[in-house]
Amino acid sequence: MPKLKTLEDLKKLREEAQKDIKVRLETGTKITVGMGTCGIAAGARETMHAILEELKKREIEAHVTTVGCIGMCVKEPLVDIEQAGKPRITYGNVKPDMVPRLIEEHLIKGNVVEEWVVGRLPTTS
């Protein structure tokens, strides 16, 4: 991150951050990674980095966020994918090498990777 030397630099950085957040929130796709200590110990940090890199590589806009322990420690790293109008899908044991297929199948082709699913919640709207 560059050093901020003036108030104008800070304002410019704030505007860029707000624009980035707005784009992420308006995409309709939210990816949540469980980052409790159990998740981190199982490799959730590496999984999240792989997700961010894959989204960037494919130029896919999505809101990526973290939460604490999701509650199924034995299935960590856990990744939730929510898309507007579709059920919330929780994938378990998601390792970085699984991320390209997950993004390809779920976000691009719209197919749930059934063999990795550990939970499913219906849409709330």
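**Group meeting talk: salt bridges, core and surface**

Let me begin with a single residue, E104, which counts as partly exposed because its relative accessible area is 23%. Before I go further, please keep in mind that what you have in front of you is a predicted model.

E104 is a good place to start from, since it forms a salt bridge with R58, and in that pair the closest N and O atoms are 2.5 Å apart. The two residues belong to distant parts of the chain, with R58 in helix 3 and E104 in helix 4, and their positions lie 46 residues apart in the count along the sequence. R58, like its partner, is partly exposed, and its relative accessible area is 29%. E104 also has a salt bridge with K109, where the closest N and O atoms are 3.9 Å apart. Both of these pairs belong to a wider arrangement, in which E54, K57, R58, E104, E105 and K109 are linked in a network of salt bridges.

For the model as a whole, the count comes to 9 salt bridges. One more that I would like to show you is formed by the side chains of E115 and R101, with 2.8 Å from N to O. This pair, too, links distant parts of the chain, for E115 sits in the loop between helix 4 and strand 5, which covers 117-121, while R101 is in helix 4, and the two are 14 residues apart. E115 is exposed, at a relative accessible area of 54%, whereas R101, at 37%, counts as partly exposed.

Having met helix 4 from its charged residues, we can ask which of its residues are buried. They are V99, L102, I103, E105, H106 and L107, and what covers them includes strand 1, helix 3, strand 3 and strand 4. Just after helix 4 comes G110, which takes a positive phi of about 80°.

That brings us to the interior, where the largest nonpolar core has 22 residues, and where I31, I51, L55, V79, Y91 and L102 are the ones with the most contacts inside it. At least two residues of this core come from each of strand 1 (29-34), helix 3 (44-58), strand 3 (79-83), strand 4 (88-91) and helix 4 (99-108). Which of the elements gives the most to this core? It is helix 3, with 5 residues.

To make this more concrete, take I51 as an example: if we do not count residues up to four places away in sequence, I51 touches I31, V33, V64, V79 and V99.

A second buried position worth a look is T32, which is placed in strand 1. T32 counts as buried because its relative accessible area is 5%. Once its neighbours within four places in sequence are left aside, T32 is in contact with T65, T66, V67, L78, V79, D80 and E82. V79, then, is touched by I51 and is also in contact with T32.

Let me turn to the cysteines, and to the question of how many disulfides the structure holds. The number is 0. If you look at C38 and C73, you will see that the sulfur of C38 has its closest cysteine sulfur in C73, at 3.4 Å, which is too far for a bond, because a disulfide needs the two sulfur atoms within 2.5 Å. C73 itself is partly exposed, with a relative accessibility of 42%.

Finally, two places that are not buried. The first topic is a nonpolar surface patch of about 280 Å², made by L4, L7 and L10. Of these residues, L4 is found in the segment before helix 1, the helix that covers 7-26, and L4 counts as partly exposed, given its relative accessibility of 41%.

The other place is A84, in the loop between strand 3 and strand 4, and this residue counts as exposed, at 65% relative accessibility. Although A84 and T29 are 55 residues apart along the chain, their C-alpha atoms are separated by 6.8 Å.

So, as you turn the predicted model on your own screens, I would suggest following the route we took here: from the salt bridge of R58 and E104, through the buried residues of helix 4, into the core of 22 residues, and then out to the patch of L4, L7 and L10. Thank you for listening.

Technical notes: Residues numbered from 1 in each chain as written. Predicted model: local features only at pLDDT ≥ 70, side-chain atom pairs only at ≥ 80, totals over all residues. Heavy atoms only, no water. Core = buried A, V, L, I, M, F, W, Y, C linked by side-chain atoms within 4.5 Å. Buried < 20%, exposed > 50% of the residue type's maximum accessible area, 1.4 Å probe, protein only. Helix = DSSP H or I, 4+ residues; strand = E, 2+ residues; numbered from the N terminus. Contact = heavy atoms within 4.5 Å. Patch = residues over 30% accessible without salt bridge, like charges linked within 9 Å, V, L, I, M, F, W, Y side chains within 5 Å. Areas by Shrake-Rupley, 256 points an atom, 1.4 Å probe, with all protein chains shown as cover. Salt bridge = Lys/Arg side-chain N within 4 Å of Asp/Glu carboxyl O.
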